[in-house]
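Here is a friendly walk through one protein chain, meant to be read with the viewer open. Have a look at the sequence and the coordinates before going on.

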Amino acid sequence: MELAAQRRLQTINGHLSSTDGSEQSALRPNHTAGEFFLVVILNRAGLQCCSSRETADRKVECIQFFQSFPFDRSARYPLKLLTGFPDHPEIGTLHDNFVRSVETFRDNKYLGTRVRVDGTVGEYRWMTYGEAGTARTALGSGLVFHGIPKATEVFGPFSLLILQQGSCVGLYFINKPEWMIVDHACSAYSYISVPLYDTLGPDAVKYIVNHATVQAIFCVPQTLNILLSFLSEIPSLRLIVVVGGVDDQMPSLPSTTGVEVITYSKLLSQGRRNLQPFCPPKPDDVATICYTSGTTGTPKGAVLSHRGLIANAAGVNCGIRLYPSDILINFLFCFLILQDNLKLMDDMLNLRPTVFCSVPRLYNRIYAGIANAVKTSSVLRERLFNAAFNAKKQAIQSGKNPSPMWDRLVFNKIKEKLGGRVRYMVSGASPLSPDVMDFLRVCFGCPVVQGYGMTESSCVISCMDENDTLSGHVGSPIPSCEVKLVDVPEMNYTSEDRPYPRGEICIRGPIVFQGYYKDDVQTYIPFLLSWCLLTREAVDEDGWLHSGDIGLWSPGGRLKIIDRKKNIFKLAQGEYIAPEKIENVYAKCKFVAQCFVYGDSMNSSLVAVVSVDPEILKNWAAAEGIKYDNLGQLCSDPRVRSAVLADLNAVGREVQIKRPQAKAYFAKAIADMYAELSASDSSPKPML
């Protein structure tokens, strides 16, 4: 039987860049360390190009030796995983990193926000690194002044000092410079930051505050009212700091509550008058506890260390070239709660960023907007765009430089929509459709890459190379982790699969989290800490983090996400369904905001709940001359249902959805749809 390693070697040899001077292929090498080692071994043994029978046995021995390495690493650091910045070994914590930034770029612009006066949007107002560093010190000193405990030593068995643990500080607001300043203050004084999100809902926020024993919370006036509504149910809280609050408008709480409410500006003033020395954390200290909504029950708090976050940043830094002159726009939190896209585009035109990081949902909107504008333009303009697009795409995928004529004629106008200076586009959070990625690469004339990661891995696991023009994958592992695929026989995914090995993606290295906070489920290190235990489901005995994602190794050492280990169910006829795959098929529908597909073993067919995009649907209805009183009436119109269903069958767009919550929320709609199916004929029809 042909060895899996042999098949992989054949794949590598077949996709390396040509050395005979022929046209460069778009499928460029993107080695993992395992492939790197195999090629080196064979070359050194003089066996790479040898086909004589005398050396066949030696070649097989080398391949078998290679096969003994069951994981892949980045070829940039094949012998040792990266744990920090190679050029700056002194940086071991987030505090160290920011201290160096302040020292190096003291007078450089750091954080900017648009000033809003009388409801109008003004110019960006900037804070330098030096100013941010000063505010960081004042905030941290203010927390100490109010008696919020700094780091305390935590001892394990045999009086062994395991780590320093500071008080937990909650951040209950989004996308403000103050968010970053508070986080820097937490790092400088060994506090543990705990982000709190509106999207989790008040009950989840209350649970997290109690679970993490949060003692201080930074919020805004809008979230202050939510906190006050269940203040008596969060006994650990001692201080509430209101960002953007006015001193004489702060509520005065009874002394029996033990909670003081002050403004952000007042805390800064108190800190400046009572400056305290830093209490720097150690690399293995906890930097943050990030709670994820999870798929079952209450939120889980992923404990991330300074070492893990620095290792991750260092690993990503090896593949992405950033410069002090680069400008990034931070809008994701706003966008994820449906911030007005028009305001975002106005911000882009004003700021003119050079690096643009987003999620597929927005990239899909950009793609759909440009495509729609082309289709509704004149025949001549549409033909010109198509000619320019096809010519430039072919050049890019052939490794050639496209003619600048196409940018002057067509694409420069599109580039101006994002400010005209974007030189790097990054996508994350969920897979970006290959055709959308190719479209963006052509229209904006810059590298478009996507990465793969999870909270439990301190963020990034793998990332595309900026010179890789092949779409549909998430690149190779970053240098600070190693990745392997584990067989999932119940889903027919194994390392022996052809043409490429498949299995559950598992990660190991310094980026792996310390565990779930106060999770006392089965552990493989029962004496680690009572407040942080790793479950067998998440991390196994050998330190491998099990992601739950199914991947395959594609040519050139590229990782491709193809499925989820969970979220599958069996229909009445015995057919297994992976609903997320079907949801992905529906993703590019211009009408769809979200789509939830459901089925169970008592029924033989699937149903779907589709959430429409109101703006697009209303515009379409106006063009079709459809009258309506409200959105509900419009969605019930048979003409609308037919149009959306037709589009669902033609296009696909990726959408993430929390399945258990969606199942509960749409329980009645699901029951009604199955009732309607039962009342219809025996050949179920697709339904909205």
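The briefing below goes from the overall picture to the cores, the aromatic pairs and the strands.

Please keep in mind that this is a predicted model. The protein chain has 688 residues, and 49% of them are buried. Its secondary structure comprises 22 helices and 26 strands.

**Overall picture**

- Taking contacts between residues at least 6 apart in sequence, 62% join residues that are at least 24 apart.
- About 33500 Å² of the protein chain is exposed, and carbon and sulfur atoms supply 53% of that area.

**Nonpolar cores**

- The largest nonpolar core contains 66 residues.
- Within this core, the residues with the most contacts are Phe356, Phe385, Phe411, Phe444 and Ile507.
- Helix H16, which spans residues 434-444, gives the core its largest share, with 7 residues.
- There is also a second, separate core of 33 residues, and Phe98, Leu171, Phe173 and Leu267 are among its members.
- If you select Ile507 and leave out residues up to four places away in sequence, the residues that Ile507 touches include Met454, Ile461, Val483, Val512, Trp544 and Leu545.
- The list of residues touched by Ile507 also includes Cys481, Glu482, Gly543 and Ser547.

**Aromatic pairs**

- The structure holds 13 aromatic pairs.
- In one of them, the ring centres of Phe385 and Phe411 are 6.0 Å apart and the planes stand at 65 degrees; edge-to-face requires an angle over 60 degrees, so this pair is edge-to-face.
- This pair connects distant parts of the chain, since Phe385 sits in helix H14 (residues 379-397) and Phe411 in helix H15 (residues 404-415), 26 residues apart.
- Buried means a relative accessible area under 20%, so Phe385 at 10% is buried, and Phe411 at 0% is buried too.
- Another pair is formed by Phe513 and Tyr516, whose ring centres lie 4.9 Å apart with planes at 70 degrees, so this pair is edge-to-face as well.
- Phe513 and Tyr516 are both buried.
- Phe385 and Phe411 also belong to one aromatic cluster together with Tyr367, Phe389 and Phe439.

**The five-stranded sheet**

- Five strands make an open sheet in the order S12-S13-S14-S15-S16, and the pairing is mixed.
- Which strands stand at the edges of the sheet? They are S12 (355-358) and S16 (476-477); each has a single partner strand, so one side of each is left without a neighbour in the sheet.
- S12 and strand S13 (residues 424-427) run parallel and are joined by 4 bridges.
- To find this pairing in the viewer, start from Val355, whose bridge partner in S13 is Tyr424.
- Helix H16 lies across S13 and strand S14 (448-454), and runs at about 140 degrees to S14.
- H16 therefore has two roles in this picture: it provides the largest share of the largest core, and it lies across two strands of the sheet.

**An enclosed strand and its partner**

- Strand S10 covers residues 286-292, and 6 of its 7 residues are buried, so S10 is largely enclosed by the rest of the structure.
- S10 pairs with strand S11 (residues 300-305) in the antiparallel sense, over 6 bridges.
- Val286 is a handy place to look at this pairing, with Ser305 as its bridge partner in S11.

Conventions:
Residues are numbered from 1 along each chain as its sequence is written. This is a predicted model: local features need pLDDT of at least 70, side-chain atom pairs count only at pLDDT 80 or more; totals for chains, interfaces and linings use all residues. Side-chain values use heavy atoms; hydrogens and water are left out. A nonpolar core is a set of buried Ala, Val, Leu, Ile, Met, Phe, Trp, Tyr and Cys residues joined through side-chain atoms within 4.5 Å. Buried means under 20% relative accessible area, exposed over 50%, partly exposed in between (1.4 Å probe, protein chains only). Contact means heavy atoms within 4.5 Å. Rings of Phe, Tyr and Trp (its six-membered ring) pair if their centres lie within 6.5 Å; planes under 30 degrees apart count as stacked, over 60 as edge-to-face and the rest as tilted. Accessible areas come from the Shrake-Rupley method with a 1.4 Å probe; for residues, only the protein chains shown count as cover. Two strands pair if DSSP finds at least two bridges between them. Axes are lines fitted to C-alpha atoms, for helices over the stretch in contact, and angles run from 0 to 180 degrees between N-to-C directions.
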